[in-house]
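Let's take a walk through this one together, from the inside out. Have the viewer open and turn things around as you read.

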Amino acid sequence: MARYAMVIDLHKCVGCGACDITCKNENNVDRDIFWAHHFTRTAGVFPNVKYEHVPTLCNHCDNAACVKACPTKAMYKDDKRLTLHDPDKCIGCKSCMQACPYDVISFNAKEPHGFWRDGNPVIPEGTASGKETAEGLGQKIPYYNPERATTYAGIRPKGIVEKCTFCDHRLAKGEEPYCVFSCPAGARTAGDLDDPTSQVNLLLAQYGYKQLKPHVGTKPKVYYIRY
Amino acid sequence: MEWHAPWDIRIALDLFLGGLGVGVFIISVLLNVSDKERNSKISLMGSYLAPLLVGGGVLFLLSELGRPERFLSTLYNFNPQSVTSWGGLFQIGFMIIALVYAWQNFKGKTNDSTFRTLQGLGLLFAILIGVYHGLLLASLGRPLWGGGMIIALFLGSSLFGGIALLVILKELGISIGVPAQVRSETAATSSNKGFNFTVLFFIISAVELVLVLGWQFALYRSGTDTLAAVNSMMESFGGLWVGLVIIAGLLIPLLGSLFAIIKDKNSEMSKGLAIILSALVIVGSYTFKHIVIIAGQGTLPLIF
């Protein structure tokens, strides 16, 4: 079976944040939650200053701390070595969030997508409210992607956690994760680590790589090249 | 360090009340076994309080869960790798044993083999829960909670809190649900020999103080992640840590009990001193757990 990983080329990444936004569209992620995210860091003193923009997502670790911490096996490894989440088993204890060294698991503290039920306009007397927009379009949540629901809850309910699934619904159809597909700079590559001819292995062999917090022993499978 | 705390005060209350409960239970059983004549009243009170305290802690835990109605799924979806899973098992097991034990006590059935079996099983589960509290944190791999010392610290704090609570009940003469016969038996026993709370106070406060200071020292000598975590804890909670945890919760009880022992090694502390020191211990125990739980959730910067 495949062992999926992602390579992010920081030399190509322009820090546009498209991955952050398109992931939300593809996976129906609420406003305050990010499956795909980033951190920035400025180091050095002028004129020798280095600015980093590093995209982040679930590392789908081979030795996933969240899977070990989950008391109900809601976090699990599938046959593609992806770290996935079963919303029907989750009790919302947040042990996985505590165990994850990468801070990429989010908790739904409130009923998600409240914006589309809120009657208050963003700008009073200037814009429509989320509720008006949703009613106008005749949908509970505009831009809802029904494809997401084929392998995971289309929208994760209040009281449970959620996280990046590596777009397993797209992988099942032979497509690449949506952040890879939508990156305008082509900075992301996804593929099978067990296939020596895969693009991810070629990139890793060509450039060498870094991983986030390798010292914690989780064996993350998101690799950063040309940092 | 950024603050991102998925667990709030309810988890601190769960571990605090649960710790008090198992501490009370352990001391209650020890009193029953070692010095039943003098302490049967307080031992009985302990057996009633233990399930109430642990149950109260579990209620706080349930209120913190996003889906509390699925709590029992920790049993049928049991994950042997998860300390949280084991904790659910231990707490359910303890609650059942402690409730039956309390009932046996209430009914006065304290001399049969069932009672002794309940004591043994209850002690086992109480210790498992006491260990679980620290192990839960240690298993999550966060810098402040790493290493095995947190397990001993939490267990020690729970025991100390349990002793302090029983001392307060003893000194205030609270005996709700204790049969009149037991009350009169206890009053008639005036010997000073037997279980000595003052000596126990002194020993546990000394051990816990050494553990806390040793733990803090070890954190300051650890790697960058741990150092950042302990520095953050002291920046945010330094005053409370030194004032309530170290001085009020450990140092004053240590010196107070030492003073009482020097004064008269065979008798207990005076009523006023015992109540004040015990109250300080309980405040210190809660503050310790609260700070460690909240401060341990700080988010460190992601680094390559």
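What follows goes through the cores, then a helix, the contact between the chains, and a patch on the surface.

One thing to keep in mind throughout: this is a predicted model.

Start with the packing inside chain B. The largest nonpolar core has 93 residues, and if you want anchor points for it, look at those with the most contacts inside it: B:Phe94, B:Leu144, B:Phe201, B:Trp215, B:Met233, B:Trp241 and B:Val292. Plenty of helices feed into this core: α1 (9-34), α2 (36-64), α4 (83-107), α5 (113-139), α6 (149-172), α8 (197-220), α9 and α10 (271-295) of chain B each supply at least two residues. The most comes from α1(B), which puts in 13 residues.

To get a feel for the wiring, zoom in on B:Trp215. Setting aside neighbours within four places in sequence, B:Trp215 touches B:Leu144, B:Met149, B:Ile150, B:Leu153, B:Met233, B:Trp241 and B:Val292. Then there is a second, separate core, with 43 residues, and A:Ile33, A:Cys66, A:Tyr102 and A:Leu212 are among them.

While you are in chain A, have a look at helix α1 (residues 18-27). This helix is mostly covered, with seven of its ten residues buried. Those buried residues are A:Cys19, A:Asp20, A:Thr22, A:Cys23, A:Lys24, A:Glu26 and A:Asn27. What do they pack against? Their partners are β2 (37-45), α5 (168-171), α6 (178-182) and β8 (188-192) of chain A. After α1(A) comes A:Asn28, which has a positive phi, near 55°.

Now for where the chains meet. Chain A brings 40 residues to the contact and chain B brings 30 residues. About 2,900 Å² is buried between chain A and chain B, with carbon and sulfur atoms giving 55% of that area. How many salt bridges does the rule find across this interface? Just one salt bridge turns up between chain A and chain B. As for salt-bridge geometry, the side chains of A:Lys94 and B:Glu64 pair up at 2.3 Å, N to O.

Last stop, the surface. In soluble globular proteins, nonpolar side chains tend to be buried together. Against that background, check out the nonpolar surface patch of about 570 Å² made by B:Val242, B:Ile247, B:Leu251, B:Ile252, B:Leu255, B:Leu258 and B:Ile262. Take B:Leu251, which sits in helix α9 (residues 224-263) of chain B. Is B:Leu251 buried or partly exposed? B:Leu251 counts as partly exposed because its relative accessibility is 32%, and the buried label applies only under 20%.

Terms used:
Residues are numbered from 1 along each chain as its sequence is written. Chains are lettered from A and ligands numbered from 1 in the order in which they are written. This is a predicted model: local features need pLDDT of at least 70, side-chain atom pairs count only at pLDDT 80 or more; totals for chains, interfaces and linings use all residues. Side-chain values use heavy atoms; hydrogens and water are left out. Patches are made of residues with over 30% relative accessible area and no salt bridge: like charges are joined within 9 Å, nonpolar side chains (Val, Leu, Ile, Met, Phe, Trp, Tyr) within 5 Å. Accessible areas come from the Shrake-Rupley method with a 1.4 Å probe; for residues, only the protein chains shown count as cover. A salt bridge is a side-chain nitrogen of Lys or Arg within 4 Å of a carboxyl oxygen of Asp or Glu. Helices (H or I, at least four residues) and strands (E, at least two) are DSSP runs, numbered from the N terminus. Buried means under 20% relative accessible area, exposed over 50%, partly exposed in between (1.4 Å probe, protein chains only). A nonpolar core is a set of buried Ala, Val, Leu, Ile, Met, Phe, Trp, Tyr and Cys residues joined through side-chain atoms within 4.5 Å. Contact means heavy atoms within 4.5 Å. Buried area is the accessible area (1.4 Å probe) that two parts lose on being put together, summed over both.
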